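Q: Please take a close look at one part of this model: the central strand and what packs around it. Walk me through its pairing, its crossover and the core beside it.

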Amino acid sequence: MAKAGSEDKPAKKAKAKTGTKMAPARPYERPRGGEPRAIADLVPEIGRAAFRKFGFIQSSVVSRWREIVGDRLADVTQPAMIRFPTGQKAGGTLHLTISGAHAPMLQHVAPDIIAAVNRFFGYAAIAQVRMTHGQIERAPPVQPAAMLKPVPAELGESLRDIGDPELRTVLERMAAGLAAPPKLPKIS
C-alpha cells in the first residue's frame, strides 16, 4: 500500500510548475562596448596603432605631408617612417621614399625638410633624413572651398539674416536645387 503523502509530492511539484508565472523578458542590451560609434571616430585609433607599428608616432605627418613640406616636395617625396633612438623622442631619423632622379636635389634641401618637420612637431624631433628610391602614390588634388556668393534677390530676405556664411551657402544651394526643374542624372 502506498503512502498518501508520497502521491501528493509529485502532484504538488506539477502544480508548482504550472502555477508559477514566467519572469518578464529583459530588454536587449549590447553585450559590451556601449553605444554604437561612428566609423570616423574609430579610424584615428586604428590608424594610430598601425602607424606606430611602422615607425610613425604621429600619423598626422603622413596625412599632412603636403602642408609640412609644400607642393613641390610632396610631389616627389613621401614619408616612410620615423625612427627614434631607443628611449628618446628627439633626434630621430626621417626615412623618405623618393621618386625618380630627385635624390641629388633633395640632398641639398634636406636641412629645409628637417626644419619643416621639426617646426610641425614643435621641437627638434628629426636630426637626419634617409632617402630611398621608390614609387610615390599621388594624392588627389585638394579642392578649394566653395566661393561664397551673395544671396540672390529671388530667394527673399529670409536667408540674409543668417550669420554663418557656410550655413547660408548650404541653404542657398538647397533652395536653388529645390526651385530648379528636375534633371535626368548624368551617367558617366
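A: A crossover counts as right-handed if, with the strands pointing away from the viewer, the path from the first strand over the helix to the second runs clockwise. In this predicted model, strand 2, helix 6 and strand 3 make a β-α-β unit of that right-handed kind.

Start with strand 2. Of its 7 residues, 6 are buried, which leaves the strand mostly covered. Strand 2 pairs with strand 1, residues 77-83, through 6 bridges, and the two run antiparallel. Here I82 has L94 of strand 2 as its bridge partner. Strand 2 also pairs with strand 3. That pairing is parallel and has 7 bridges. Within it, L96 is bridged to M131 of strand 3.

Now the core. The largest nonpolar core holds 22 residues. Those with the most contacts inside it are W65, V69, I82, L94, I113, V117 and I126. Two or more residues come from each of helix 4 (65-69), helix 5 (71-76), strand 2 (92-98), helix 6 (103-121) and strand 3 (126-133). Helix 6 is the biggest contributor, with 7 residues. The three elements of the β-α-β unit are thus on the list of those giving two or more residues to this core.

W65 ties several of these pieces together. Leaving aside neighbours within four places in sequence, W65 is in contact with L94 and L96, and also with I113 and V117. The rest of its contacts are S60, G70, A74, T77, Q78, P79.

Note on methods:
Residues numbered from 1 in each chain as written. Predicted model: local features only at pLDDT ≥ 70, side-chain atom pairs only at ≥ 80, totals over all residues. Heavy atoms only, no water. Core = buried A, V, L, I, M, F, W, Y, C linked by side-chain atoms within 4.5 Å. Buried < 20%, exposed > 50% of the residue type's maximum accessible area, 1.4 Å probe, protein only. Helix = DSSP H or I, 4+ residues; strand = E, 2+ residues; numbered from the N terminus. Contact = heavy atoms within 4.5 Å. Pairing = 2+ DSSP bridges.
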